[in-house]
Amino acid sequence: MEPLIVPGTLDELGAIANYVLAAARTAGLDKTTSYDLRLAVDEIVTNIIIHGYGEANRVGEIQVSAKLVEQALAIAIEDTAVPYDPTQAPPPPELHLPLERRQAGGLGVYLALQGVDRLTYERVGDRNRNTLVVNRQKSSTLD
């Protein structure tokens with residue numbers, strides 16, 4: 001699939017979700033795995049937009065690309081926001097508390113990590129690259 005490049009704004013979350021779901025269909029992922037992947041991508045992208053661009057007073061684009069790696073689908077998300085490695089985020093400390101006693105926020109990265117088989121981060125030049133990988137059952141090819 002051709003990469004999707006969109007402005008780094010919340011208005012683009014729908015386009016990114018559609019891209020991820022189309023890649024998941026092409027890769028033959030089941031509905032649960034597809035949903036988990038879409039949610040994970042949504043959480044990472046939302047953090048990029050809100051924290052990496054918005055809170056840092058930056059503007060930029062987000063590039064999302066899909067490719068098959070062995071028996072997995074990999075979704076790479078690239079941005080020029082401030083450097084941030086989600087794999088180093090501590091788990092939310094209040095998971096054991098009832099919902100009404102938890103502070104808002106802090107679950108996005110945790111949910112992303114739980115929804116995929118692997119999430120890697122690297123800084124390449126001035127770009128962040130988050131790669132989310134899910135194992136797949138069927139054999140398919142992406143163009």
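The accessible surface of the chain comes to about 8,200 Å², and carbon and sulfur atoms contribute 51% of that area. The model is a predicted one, and its chain holds 143 residues, of which 40% count as buried. Three helices and five strands make up its list of secondary-structure elements. Read from the N terminus, these elements follow the order β-α-α-β-β-α-β-β. Among the contacts with a separation of 6 or more, 65% are between residues 24 or more positions apart.

A pair of alanines offers a good place to start looking at individual residues. Ala 66 sits in strand β2, which spans residues 61-69. Its relative accessibility is 8%, so Ala 66 counts as buried. Although Ala 66 and Ala 23 are 43 residues apart along the chain, a distance of 6.5 Å separates their C-alpha atoms.

Turning to charged side chains, the count of salt bridges comes to three. One of them is formed by Arg 127 and Glu 78, with an N to O distance of 2.9 Å. This pair links distant parts of the chain, since Arg 127 belongs to strand β5 (residues 127-135) and Glu 78 to strand β3 (residues 72-79), 49 residues away. The two partners fall into different classes of exposure: Glu 78 has a relative accessible area of 13% and is therefore buried, being under the 20% limit, whereas Arg 127, at 26%, counts as partly exposed.

Glu 78 also meets the side chain of Arg 129 in a salt bridge, here at 2.8 Å from N to O. Once again distant parts of the chain are linked, with Arg 129 in strand β5 and Glu 78 in strand β3, 51 residues apart. Arg 129 has a relative accessible area of 24%, so this residue is partly exposed.

What other partner does the side chain of Arg 129 meet in a salt bridge? The partner is Glu 122, and the N to O distance is 3.0 Å. Glu 122 is partly exposed as well, because its relative accessibility of 37% lies between the limits of 20% and 50%. Through shared partners, the salt bridges join Glu 78, Glu 122, Arg 127 and Arg 129 into one network. Within this network, Glu 78 pairs with Arg 127 and with Arg 129, while Arg 129 also pairs with Glu 122.

Terms used:
Residues numbered from 1 in each chain as written. Predicted model: local features only at pLDDT ≥ 70, side-chain atom pairs only at ≥ 80, totals over all residues. Heavy atoms only, no water. Helix = DSSP H or I, 4+ residues; strand = E, 2+ residues; numbered from the N terminus. Buried < 20%, exposed > 50% of the residue type's maximum accessible area, 1.4 Å probe, protein only. Contact = heavy atoms within 4.5 Å. Areas by Shrake-Rupley, 256 points an atom, 1.4 Å probe, with all protein chains shown as cover. Salt bridge = Lys/Arg side-chain N within 4 Å of Asp/Glu carboxyl O.
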